[in-house]
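Q: Got a minute to go through some labels with me? I'd like to see how each one follows from its cut-off.

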Amino acid sequence: MKRLVLFLSATFLLVSCASNKELEALKTKHEQTKDELLTVKNNLTKCLVEKEKYEDRSKDLESRVTELKRDKENSIQQVENLTVLTKGANDNIKETLSQLSKKDKYINKIRAAATKKDSLNLVVAFHLKKELQQGIDDEDIEVNVEKTVVFISISDKLLFKSGSYTITNEASKVLQKVATVVNAQPEMDVMVEGHTDNTPMSTAAVKDNWDLSVKRSTAIVRELQSKYAVAPQRLIAAGRSSFIPLVPNDTPANKSKNRRTKIIILPRLNQFFDLLDQKVE
């Protein structure tokens, strides 16, 4: 009996020891499994984070690809437009060069005409000075070329009495010599300008300075036409009153300078306009 009890006790002890070992082994395995599971969870979390990053990058790349496609389409359109514009620009450049060539020819014609006109003005001025110096060499007569015209400025004391528009005998000598030169240039017009000082003028025959300046220029125009055969269609009478003085009207000497008549010899405007209307080939 005692032997049976001892056997059972030994068996129980052996079984108990074996169970403890298995239990410890299971515990160890459990802990390892927990660690492995935690590691897997961590890796899974990292994978999910990386996945989100890649998804975001993928969206960015898709958006960028879309933008690049759009830019490519715009670039192609711009190149096509540029090609059209370049062709149009080339056509415009060719047309511009053609127009410039025509304008150069036109400008050369104008320059040639201007040179011819300037030369003619110098010739007219030369002959006027020559004629007026023969018998009438007076400081009150001035001949000049001014811009596009030749003009003779004559002091009124040679042409008229004070406040009058009746031409003096001395004036007739001057006008005869002017007419000689004018008639030698039938393609040019003649404008007579009357100028006064600023002293108010009013008589029974003359209303004011405007009236006096116009009456004096008209008197000279009539003299050139009736006595010296200057064609009336070439003559222009103009009055400027006191509004274009040579010097201030502050002394008797200055007022005397401002009382003058200008006889202006100028090219006809219709000739100039005809020149402008010429077609340039």
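A: Sure, starting with accessibility: a residue is exposed when its relative accessible area is over 50%, buried when under 20%, and partly exposed in between. Keep in mind that this is a predicted model.

Q: What makes Phe 243 count as exposed or buried?
A: Phe 243 has 56% relative accessibility. The cut-off for exposed is over 50%, so Phe 243 counts as exposed.

Q: And which label does Trp 210 get?
A: Trp 210 comes in at 43%. That value falls between the two cut-offs, so Trp 210 is partly exposed.

Q: How many aromatic pairs does the structure hold?
A: There is 1 aromatic pair. Trp 210 and Phe 243 form that pair, with 5.4 Å from centre to centre. Ring centres have to lie within 6.5 Å, so the two rings qualify.

Q: Why is the pair of Trp 210 and Phe 243 called tilted?
A: The planes make an angle of 35°. Stacked needs under 30 degrees and edge-to-face needs over 60, so the angle leaves tilted as the label.

Q: What makes this a link between distant parts of the chain?
A: Trp 210 sits in helix 4, while Phe 243 is in the loop between strand 4 (235-239) and helix 5; they are 33 residues apart.

Q: On to charges. How do you know that Arg 259 and Asp 197 form a salt bridge?
A: Their closest N and O atoms are 2.6 Å apart. The limit is within 4 Å, so the pair passes. A search of the whole structure turns up 5 salt bridges.

Q: What does the pair of Arg 259 and Asp 197 tie together?
A: Arg 259 is in the loop between helix 5 (252-258) and strand 5 (260-267), and Asp 197 is in the loop between strand 3 (188-195) and helix 4 (209-228), so parts 62 residues apart in sequence are tied together.

Q: Which accessibility labels do Arg 259 and Asp 197 get?
A: Arg 259 has 31%, so partly exposed is the label. Asp 197 has 7%, which is under 20%, so Asp 197 counts as buried.

Q: What makes Lys 215 and Asp 211 a salt bridge?
A: The closest N and O atoms are 2.8 Å apart, and the limit is 4 Å. Both residues lie in helix 4, 4 residues apart, or about one turn of the helix.

Q: Why would that spacing suit a pair within a helix?
A: An α-helix has 3.6 residues a turn, so residues three or four places apart point the same way.

Q: Where do Glu 223 and Lys 227 lie?
A: Both are in helix 4, again 4 residues apart, about one turn of the helix. Their side chains meet in a salt bridge at 3.2 Å, N to O. Glu 223 is buried, at 11%, whereas Lys 227 is exposed, at 53%.

Q: How do you know that the span of helix 4 agrees with its number of residues?
A: The expected span is 1.5 Å times one less than the number of residues. For the 20 residues of helix 4 that should give 28 Å, and the end C-alpha atoms are 28 Å apart, so the two agree.

Q: What caps the N-terminal end of helix 4?
A: Asp 208 does, with a side-chain oxygen 3.2 Å from the backbone nitrogen of Trp 210. A polar contact needs N or O atoms within 3.5 Å, so this distance fits. Just after helix 4, Ala 229 takes a positive phi of about 60°.

Q: Why is Asn 209 called buried or exposed?
A: Asn 209 has 9% relative accessibility, under the 20% cut-off, so buried is the label. Its side chain reaches the backbone oxygen of Asp 197 at 2.9 Å. Among the residues that Asn 209 touches are Pro 200, Met 201 and Ser 241.

Q: And Leu 212, buried or exposed?
A: Leu 212 is at 6%, so Leu 212 counts as buried too. Leu 212 touches residues including Gly 163, Thr 196 and Val 206.

Q: What covers the buried residues of helix 4?
A: The cover includes helix 2 (156-159), helix 3 (169-183), strand 3, strand 4 and strand 5.

Q: Last one: what makes Lys 262 lie over the face of Phe 151?
A: Lys 262 is 4.4 Å from the ring centre, and the distance part of the test asks for within 6 Å.

Note on methods
Residues are numbered from 1 along each chain as its sequence is written. This is a predicted model: local features need pLDDT of at least 70, side-chain atom pairs count only at pLDDT 80 or more; totals for chains, interfaces and linings use all residues. Side-chain values use heavy atoms; hydrogens and water are left out. Helices (H or I, at least four residues) and strands (E, at least two) are DSSP runs, numbered from the N terminus. Buried means under 20% relative accessible area, exposed over 50%, partly exposed in between (1.4 Å probe, protein chains only). Contact means heavy atoms within 4.5 Å. Rings of Phe, Tyr and Trp (its six-membered ring) pair if their centres lie within 6.5 Å; planes under 30 degrees apart count as stacked, over 60 as edge-to-face and the rest as tilted. A charge sits over a ring if NZ of Lys or CZ of Arg is within 6 Å of the ring centre and within 35 degrees of the ring normal. A polar contact is a pair of N or O atoms within 3.5 Å; within protein, one must be able to donate a hydrogen and the other to accept it, and residues adjacent in sequence count only if both atoms are side-chain atoms.
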